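Here are my notes for a colleague who is opening this entry without having met it before. Please keep the sequence and the view side by side while reading the points.

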Amino acid sequence: QVHLVESGGDSVQAGGSLTLACVTSGLTDTNVCLGWFRQAPGKEREGVAAIYSGDSTTYYADSVKGRFTISRDSVSNAVYLQMITLKPEDTAMYYCAADIGAGSCYYLFNKRRVDYWGQGAQVTVSS
C-alpha cells in the first residue's frame, strides 16, 4: 500500500523560506511522477511543481518559477519542495501527489491525474 506523508508546513513572514518534505512508502514502480499541489480556502487545488523519476524532468507553475525548487531522493523516493521569497498568496494547504506508472509528469501536472494524495501540510505566509 502506498502512503505519502508531508511535513515541514509552518507559518512564516513574507520573504521567508520553507522546505516541505514528502516521505513515501510502498512505491515499487520505477516510473513515478511525484508532485506538489496546493489549495487555498475557496480556491481550486492547483499544481505547483512535479518531478519525474525517470529523468528528473521538472514542472513548475508560472507563479512559483524562480522561487520554488522540487527535488527528489531517488533512494528513498522522498520528494522535497524548497520555497524561498514566500508571498502571502502562497498561503495554502500543500499536498504531495503521486502518479504511478507514468511516462512523464504531464498528466499529473496538467490533468491532475493522481493515484495517491498525502494528507497535506499547511503553509501560512503573513505580510
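1. Two strands are taken to pair if DSSP finds at least two bridges between them, and helices (H or I, at least four residues) and strands (E, at least two) are DSSP runs numbered from the N terminus. The model is a predicted one, in which local features need pLDDT of at least 70 and side-chain atom pairs count only at pLDDT 80 or more, while totals for chains, interfaces and linings use all residues. Residues are numbered from 1 along each chain as its sequence is written, and side-chain values use heavy atoms, with hydrogens and water left out.

2. An open sheet is formed by four strands in the order 1-3-8-7, with antiparallel pairing. Strand 1 (3-7) and strand 7 stand at the edges with a single partner strand each, so one side of each has no neighbour in the sheet. On average, neighbouring strands of this sheet are turned by 15° against each other, direction ignored (axes are lines fitted to C-alpha atoms, for helices over the stretch in contact, and angles run from 0 to 180 degrees between N-to-C directions).

3. Within this sheet, strand 3 and strand 8 run antiparallel and are joined by five bridges; Leu20 stands opposite Leu81 in strand 8.

4. Leu81 appears again in the largest nonpolar core, where Trp36, Leu81, Met83 and Tyr94 touch the most other members among 39 residues. Such a core is a set of buried Ala, Val, Leu, Ile, Met, Phe, Trp, Tyr and Cys residues joined through side-chain atoms within 4.5 Å, where buried means under 20% relative accessible area, exposed over 50%, and partly exposed in between (1.4 Å probe, protein chains only). Among the elements that give two or more residues to this core are strand 3 (18-25), strand 8 (78-83), strand 9 (92-100) and helix 1 (106-111).

5. How many disulfides does a search of the whole structure find? There are two, a disulfide being a pair of cysteine sulfur atoms within 2.5 Å, and they follow the pattern 1-3, 2-4 when bonded cysteines are counted along the chain.

6. One disulfide joins Cys22 to Cys96, with an S to S distance of 2.1 Å. Because Cys22 lies in strand 3 and Cys96 in strand 9, the pair ties together parts 74 residues apart in sequence. Cys22 is buried at 0% relative accessible area, and Cys96 is buried at 0%.

7. The other disulfide is formed by Cys33 and Cys105, and its torsion about the S-S bond is about 115°, so it is right-handed.
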